[in-house]
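Let's take a tour of a protein chain together. Have the sequence and the 3D view open, and follow along as we go.

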Amino acid sequence: QVQFVESGGGLVQPGESLRLSCAASGIIFKILTIGWYRQAPGKQRELVASITSGGITNYSDSVKGRFTISRDNAKSTASLQMDGLKPEDTAVYYCNYVPSSSVRPPESWGQGTQVTISS
């Protein structure tokens with residue numbers, strides 16, 4: 001059974017930082033592209049950062065230069081360092097693999113971790 005468990009969210013002020021962590025099980029973690037997604041109230045879930053099995057990263061324009069994704073294949077974990085947080089970053093953040101032409105979309109999601117940016 002595929003499982004992702006996210007942690008590290010919280011309430012911070014604009015400009016501050018948070019580091020999210022994700023632990024995966026039930027998958028061959030090291031061969032998959034892993035992504036951090038977020039879903040704000042009333043909006044669809046969006047992919048904000050991804051990292052390939054070889055360590056190539058990609059970011060949405062909204063977080064580029066502020067967020068840094070990393071992974072530890074030996075531990076099947078991933079992290080998202082978020083700096084310079086803005087109120088518009090407020091959302092529930094999820095970790096999961098990123099689908100491709102050969103990998104079907106995720107069928108299940110973890111509980112996510114709430115990130116709230118407010119003064």
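What follows is a walk through the strands, the disulfide and the core of this predicted model.

## The four-stranded sheet

Start with an open sheet made of 4 strands, which line up in the order E1-E3-E8-E7 with antiparallel pairing. At its edges sit strand E1 (3-7) and E7, and each of these pairs on one side only. Going from one strand to the next, the twist averages 15°.

Now look at how E3 is held in place on either side. E1 and E3 are antiparallel and share 5 bridges; along that pairing, Gln3 has Ser25 in E3 as its bridge partner. E3 is also joined to E8, again antiparallel, by 6 bridges. Two residues to find there are Arg19, whose bridge partner in E8 is Gln81, and Leu20, which is partnered with Leu80 in E8.

## Two faces of E3

Which residues of E3 are on its covered face, and which are on the uncovered one? Leu18, Leu20, Cys22 and Ala24 make up the covered face. Arg19, Ser21, Ala23 and Ser25 make up the uncovered face. Try colouring the two sets in your viewer.

## A run of hairpins

Next come E4, E5 and E6. E4 and E5 pair in the antiparallel sense, with 5 bridges between them, and one spot to check is Gly35, whose bridge partner in E5 is Ser50. These two strands form a hairpin with 6 residues between them, where Gly42 takes a positive phi near 80°.

E5 goes on to pair with strand E6 (residues 57-59), also antiparallel, over 3 bridges. Here Ala49 stands opposite Tyr59 in E6. This makes another hairpin, with 5 residues between the strands, and Gly55 in the turn has a positive phi of about 95°.

## The disulfide

How many disulfides does a search of the whole structure find? The count is 1. A disulfide is a covalent bond between the sulfur atoms of two cysteines. In this model the partners are Cys22 and Cys95, with their sulfur atoms 2.2 Å apart. The link ties together distant parts of the chain: Cys22 belongs to strand E3 (residues 18-25) and Cys95 to strand E9 (residues 91-97), 73 residues apart.

There's a handedness to spot as well: the angle about the S-S bond is -70°, and the link of Cys22 and Cys95 is left-handed. Are these two cysteines buried or exposed? Both Cys22 and Cys95 are buried.

## The nonpolar core

Finally, head for the largest nonpolar core, which has 27 residues. The members that touch the most others are Ile34, Trp36, Phe67, Leu80, Met82 and Tyr93. Many strands chip in: E3, strand E4 (34-39), strand E5 (46-51), strand E7 (67-72), strand E8 (77-82), E9 and strand E10 (113-117) each supply at least two residues of this core.

Zoom in on Phe67 for a closer look. Leaving out residues up to four places away in sequence, Phe67 touches several residues, including Leu80, Met82 and Tyr93. Its contacts also include Arg38, Tyr59, Gln81, Asp83, Leu85 and Asp89. You have met some of these names already: Leu80 is the bridge partner of Leu20, and Tyr59 in E6 stands opposite Ala49.

Technical notes
Residues are numbered from 1 along each chain as its sequence is written. This is a predicted model: local features need pLDDT of at least 70, side-chain atom pairs count only at pLDDT 80 or more; totals for chains, interfaces and linings use all residues. Side-chain values use heavy atoms; hydrogens and water are left out. A disulfide is a pair of cysteine sulfur atoms within 2.5 Å. Buried means under 20% relative accessible area, exposed over 50%, partly exposed in between (1.4 Å probe, protein chains only). A nonpolar core is a set of buried Ala, Val, Leu, Ile, Met, Phe, Trp, Tyr and Cys residues joined through side-chain atoms within 4.5 Å. Contact means heavy atoms within 4.5 Å. Two strands pair if DSSP finds at least two bridges between them. Axes are lines fitted to C-alpha atoms, for helices over the stretch in contact, and angles run from 0 to 180 degrees between N-to-C directions.
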